[in-house]
Number of protein chains: 4
Amino acid sequence: MSKYNFLDDYSEGAHPRIIEALARTNMTQQTAYGNDEFSQDAREAIRNKIGADEATIHFVPSGTAANLLSIASCLRPHEAIIAASSAHIVMKETAAIEATGHKIITQPAVDGKLTPDKIRLAFDQNSIFAHQAKPKMVYISNATEIGTVYTRSELAAIAAICKSLDLLILMDGARLGAALASSETDMTLNDIYHLTDLFWIGGTKTGALIGEAVVIKDKSLGADFPYHMKQRGALLAKGRILGIQFSTLLQDDLFLHLARHANSTAAEISSSLVKMGFNLWAKTETNQVFPILPSALVQELQKEFDFYIWDRLCDGSLVVRVVTSWATELSKVRRFITMAEEWKAGSQEIAVLEKQKPVV
Amino acid sequence: MSKYNFLDDYSEGAHPRIIEALARTNMTQQTAYGNDEFSQDAREAIRNKIGADEATIHFVPSGTAANLLSIASCLRPHEAIIAASSAHIVMKETAAIEATGHKIITQPAVDGKLTPDKIRLAFDQNSIFAHQAKPKMVYISNATEIGTVYTRSELAAIAAICKSLDLLILMDGARLGAALASSETDMTLNDIYHLTDLFWIGGTKTGALIGEAVVIKDKSLGADFPYHMKQRGALLAKGRILGIQFSTLLQDDLFLHLARHANSTAAEISSSLVKMGFNLWAKTETNQVFPILPSALVQELQKEFDFYIWDRLCDGSLVVRVVTSWATELSKVRRFITMAEEWKAGSQEIAVLEKQKPVV
Amino acid sequence: MSKYNFLDDYSEGAHPRIIEALARTNMTQQTAYGNDEFSQDAREAIRNKIGADEATIHFVPSGTAANLLSIASCLRPHEAIIAASSAHIVMKETAAIEATGHKIITQPAVDGKLTPDKIRLAFDQNSIFAHQAKPKMVYISNATEIGTVYTRSELAAIAAICKSLDLLILMDGARLGAALASSETDMTLNDIYHLTDLFWIGGTKTGALIGEAVVIKDKSLGADFPYHMKQRGALLAKGRILGIQFSTLLQDDLFLHLARHANSTAAEISSSLVKMGFNLWAKTETNQVFPILPSALVQELQKEFDFYIWDRLCDGSLVVRVVTSWATELSKVRRFITMAEEWKAGSQEIAVLEKQKPVV
Amino acid sequence: MSKYNFLDDYSEGAHPRIIEALARTNMTQQTAYGNDEFSQDAREAIRNKIGADEATIHFVPSGTAANLLSIASCLRPHEAIIAASSAHIVMKETAAIEATGHKIITQPAVDGKLTPDKIRLAFDQNSIFAHQAKPKMVYISNATEIGTVYTRSELAAIAAICKSLDLLILMDGARLGAALASSETDMTLNDIYHLTDLFWIGGTKTGALIGEAVVIKDKSLGADFPYHMKQRGALLAKGRILGIQFSTLLQDDLFLHLARHANSTAAEISSSLVKMGFNLWAKTETNQVFPILPSALVQELQKEFDFYIWDRLCDGSLVVRVVTSWATELSKVRRFITMAEEWKAGSQEIAVLEKQKPVV
């Protein structure tokens, strides 16, 4: 890869302290399948953060596994999930949820988020007894797929409507680190534990090689969860590698520290582009930036950087997605901004020259 | 863990060269989801071994994932698998195959192995049109669950009957390293590729932290396989960690070298116990030893070692399972043998003394 | 039930000739599971209608069974269906399709119908390799859920785009009788056979007690279809009762005759209401009428009739659904119209009187 | 069909009173999907028989549907069923249970029946946490697949072990009529209701055209059951046809009367063959007879009768299955017996003649 990539937050390996921990503990014998000391340590650390001794915590290899396990272990065959149309489980998981037999009822998101109104609407539109799958769970992602975050009061409002409609809440935390580190939220892990039924903490996108931690409130569901993990191929023999990574990430708040780096580099790109006069397609609240850029600028940036073209607008401009991570190099961020500034300056010069052209 | 454990071949982390490779490549940016350079290298290395440029190879996080993906991607809903009653997918995978909708038709194994006769019998007993799931695939594991291995001619005979009955063959290679390294087989990776439809090479049990390589002959099945991986939660964002491990294992035949160490330490334990006069419950052909030991000796060994009690025989003696691995320490093997010898000597002395006792 | 009901087209039993046929053939012994003489006769009759000797035809007990069997037998686990948001499989089948593991990708319907443009859009929006289920089949219902019908050229256009995108076409024919009997279509059973991959002919809604006939073009899919039927609980031991019904319906075009009765009574209600000045929420092309009526008129009609309130509009008026059937009594149709006319006359009188009131 | 068939108990249509009831009620309008008056009447009649006002009862179109719905609605994905190896769900339902994601753990039957010992063994052999599907339900069929019946004390013993192991009990009653009408049992419907968690009463094999009644004890499971029915394609629009049939069968004990006819004709065939000196492969306790006959006699009987060859014994004799039904004609039963007697007499004569032959 000759270009620097802002494609995603999983292009590098792991934070060096994780590699170091893997090396340090490598030759000790450990009990298999998640019953190792490192996993126990990581569970303890998470329980401390959420202030809940009774929570069950299991580590799984991927976000898709975390989602499908959470849903399939909670729902009966006739029960459905409510989610935003833009939800990861709807758009980017190859029907992983449907493959476990469950329908996802969708509603358009507002700023990437589900709202109590949308949840009630989805519920009401799916209440014809026996002829419509019974809504039983609400799925939200935090940070959302477009990088926005839920505030404590937003989540509390969702929890209230869900309680009244007897719906469970699952929070997909693939980018929970970025959400918790966002200046736009007032939410803590403890809040999340208390306002949801299950949630998971993404390791892969916050500096781990692999691994997500599923946190489960219900005792009996938690106790049976490893059966589901094994059944779906998500119970690793060497569960120790998930344990050691989370244990490392939770020491000295490394997890939040890494997320903050991702968020602040994104903020720098975002605010710089805004300062140059470019609009954003979505608010920059975490580590994803969605600027609307002229096609020519995009071509220029693509000479040195990789990122996704997210959408093409009617006026020819492009929405691009720039993702930063725990590993994003500051020098690359600055180079990206500089290239944009220089292009901007150059294009303004041309515009001025154009204007000055004598009419023939 | 204060005792040394012979419970399994996945109690340690990875071979140090793997940890080293992870560290060395850690900060380079790589394309996600298995499209990284390391995975490409590992694929190339496997294709060289099997002498088949056209084979599709994908890396998945667990053996259960490898099995359920292989089966679910090949079969139609009404199609079934034939396997030995003792098969891993039957006994130890929490109905992972049934969870994808497929029935497993079982037949008793012979020395842990399926035979052409058993396959034909299973086929014939499940041929009532529309009222019995249609047999379409045969599952074999090599090494088997009790450590035995298929010879080339055994596999060729299975391939012949499967061809005549229009059955696919899947080989579960969780311990394929041990099988290939066994002195009891004449089979190569190339043979296996040509005599099966799909097979997988187990990394987890041969020195990797995680990862199994699924090798697929059919082009169209191979092309669609990543969809199945994503759908079941088995497509890792940082697929690079699977690639780098297999790439390392395949350099300088490290893979076979590690398997040989496991096999030779098992052979040493096995032959020593046989020399002491103990019987084996199953032949020792790879890295699993199943001696039949007196209960008192088992208690003695348990003071310093952990291993599974596999079965209790009518005469009170115990079948135990002793598993060695790429990481098994020779000093521990010797200590285990010495303890058995000393106990044996002591018990003979007692026996002699018992005999010498004057009848009162 | 004291009120006459226009709720649906399955409130009565079967056409008397069907009851008579059941009685007449009752005591003859027949081979079970669809291999009876009556089912063979019915298959022959359908093959004659579609002009295709090679078509495979199977009879199943319900429309949901017909849909889920058609889809589950055709698709691989990672393949998805494209359907209108208003499709029966989306809105009213309790996630029957998802329960077989498949995702439904939706697009808003145009007059209840899918269009080539919508199909292409759905395809394009779901083409991210491995991360989105692969579109492989298009589901359309004819008549649609709102009673409209596809013309031959509309279906041909869909067939063309599907061919170019390698998509199969399934036509849900729960109300195929009404569609074929509609004056708005120029399509024949023969056209449908040639322009789709599978379709089914609804018996339940056209005068049978139970039963739908699935017509399958692909030989190998057809041959294995009974396995799927048995597996999903849809293979009836006394398949004869499905055969005898379809055989009866296909004699002397009874099927079309019954559908025409349903359509013509619906047309009478529809045109009468339009004549009175009421608008329609959807075109009346088959046996479903969706008039927009004042709430007071709805209350009046509900004194003697049952029908569904479909929607409530902003101005307080109601969309109601009036469904006629093969069994609808003409006297009831007339009574319904008369009640509406009388209410209309009364309300106009009141309106006139209101206008004439002296302003106090 | 020129030969008279003893292949099964579903070769004829329905008892004439059912056809009559269908005709009589045909044109009344009824609420759809099982909410009709006839279904309510039938439910009331069943509740009276079992002495349980609170039981939930639903009618489904097939035995396979009854089984898969009962199991899929009760179990979580990781839970398994224990059944006899000869169970219908194991041998003759095309993996219908596995298609809902569940594993069936099998044990050899004793006289076609499961025993408390076998249940405990199955449970104990499947108790490795997380690596084996968790046994949660026991499936028994009554009458069994070979026509034997459970006594009250046998069922009570099973209920006791299931209670102690936290296992649910499902009784497949495809031939429950025959079981209740058997002289070998002392069990009533009331007993069955109290000793199981769910059971179903087979209509198809006891004189109905179609339909099985599922009886559910748990209120919440019962309340949600129609969702499962709809999802699996088993909720009929014209549920009335199931209701009217069960309602008719339950009047004046028609159901038991029909079952007794089937049992007594089977008993006549069985005892006559035994009198002639033939052995039985299984006890004749209901309407299935499994005599062991010489191949020549079988060929003779096949000239006028159809029945299944069940097994071929080493000595060349054949196990055949002769099934009688509510519709079995007495004259045919006598003809069958006479043919056997005549053949027997003829063969003895030949044997005598053979003996008398002078040795040349």
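How many salt bridges does the structure hold over all chains? The total is 56. This count, like everything below, comes from a predicted model. Side chains of opposite charge can pair when their charged atoms come close. One such pair is A:Lys49 with A:Asp253, whose closest N and O atoms are 2.7 Å apart. A:Lys49 sits in helix α2 of chain A, residues 37-50, while A:Asp253 is in the loop that runs between α10 (240-250) and α11 (254-275) of chain A, so the salt bridge ties together parts of the chain that are 204 residues apart in sequence.

Chain A also carries a record annotation. In an unreviewed entry, UniProt lists residues 16-290 of chain A as "domain: Aromatic amino acid beta-eliminating lyase/threonine aldolase". Within residues 16-290 of chain A, helix accounts for 44% and strand for 16%. The C-alpha atoms at the two ends of this stretch are 29 Å apart.

The next topic is a sheet in chain A. Strands of a sheet pair through backbone hydrogen bonds, either parallel or antiparallel. Chain A has an open sheet of seven strands with mixed pairing, in the order β2-β8-β7-β6-β5-β3-β4. Its edge strands are β2 (56-60) and β4 (104-107) of chain A, each of which pairs on one side only. From one strand to the next, the twist averages 25°. Helix α5 of chain A, residues 116-124, packs on this sheet and touches β3 (79-84), β4 and β5 of chain A. The direction of α5 makes about 130° with that of β4(A). Further along the order, strand β5 (residues 134-141) and strand β6 (residues 168-172) of chain A run parallel and are joined by five bridges. Across this pairing, A:Met137 has A:Leu168 in β6(A) as its bridge partner.

Chain C offers another sheet to follow. It is an open sheet of four strands with antiparallel pairing, ordered β9-β10-β13-β12 (chain C). β9 (279-282) and β12 (308-312) of chain C stand at the edges with a single partner strand each, so each has one side without a neighbour in the sheet. The twist from one strand to the next averages 35° here. Helix α11 of chain C, residues 254-275, packs on the sheet. The strands of chain C that α11 touches are β9, β10 (288-293) and β13, and its direction makes about 20° with that of β10(C). On the β12 side, β12(C) pairs with strand β13 (residues 318-323) of chain C in the antiparallel sense over four bridges. Within this pair, C:Asp311 has C:Val319 in β13(C) as its bridge partner.

A pair of strands in chain D can be read next. Strand β12 (residues 308-312) and strand β13 (residues 318-323) of chain D run antiparallel and are joined by four bridges. D:Tyr308 is matched by its bridge partner D:Arg321 in β13(D). β12(D) and β13(D) form a hairpin with five residues between the strands, and in this hairpin D:Gly316 takes a positive phi near 90°.

What remains is how the chains meet. Two copies of a chain are related by a rotation about an axis and a shift along it. For chain B laid on chain A, the turn is 180°, the shift along the axis is 0.0 Å and the RMSD is 0.1 Å. That is the relation of a two-fold axis. The same surface serves both copies, since 100% of the contact residues of chain B recur in chain A. The contact takes 50 residues from chain B and 50 residues from chain A. About 4100 Å² is buried between chain B and chain A, with 57% of that area given by carbon and sulfur atoms. Between chain B and chain A there are zero salt bridges.

Chain C can be laid on chain D by a turn of 180° and a shift of 0.0 Å along the axis, with an RMSD of 0.0 Å. Here too the same surface serves both copies, with 98% of the contact residues of chain C recurring in chain D. Chain C gives 51 residues to the contact and chain D gives 50 residues. The buried area between chain C and chain D is about 4100 Å², and carbon and sulfur atoms give 57% of it. Which three residues supply more than any other three of the area that chain C buries against chain D? They are C:Gln29, C:Gln231 and C:Lys238, which supply 18% of that area. Although C:Lys238 is among these three, zero salt bridges are found across the interface of chain C and chain D.

Notes
Residues are numbered from 1 along each chain as its sequence is written. Chains are lettered from A and ligands numbered from 1 in the order in which they are written. This is a predicted model: local features need pLDDT of at least 70, side-chain atom pairs count only at pLDDT 80 or more; totals for chains, interfaces and linings use all residues. Side-chain values use heavy atoms; hydrogens and water are left out. Copies are superposed by least squares on the C-alpha atoms of residues with pLDDT of at least 70 in both. Contact means heavy atoms within 4.5 Å. UniProt positions are given in the numbering used here, feature names are shortened, and annotations may be inferred rather than shown by experiment. Two strands pair if DSSP finds at least two bridges between them. Axes are lines fitted to C-alpha atoms, for helices over the stretch in contact, and angles run from 0 to 180 degrees between N-to-C directions. Buried area is the accessible area (1.4 Å probe) that two parts lose on being put together, summed over both. A salt bridge is a side-chain nitrogen of Lys or Arg within 4 Å of a carboxyl oxygen of Asp or Glu.
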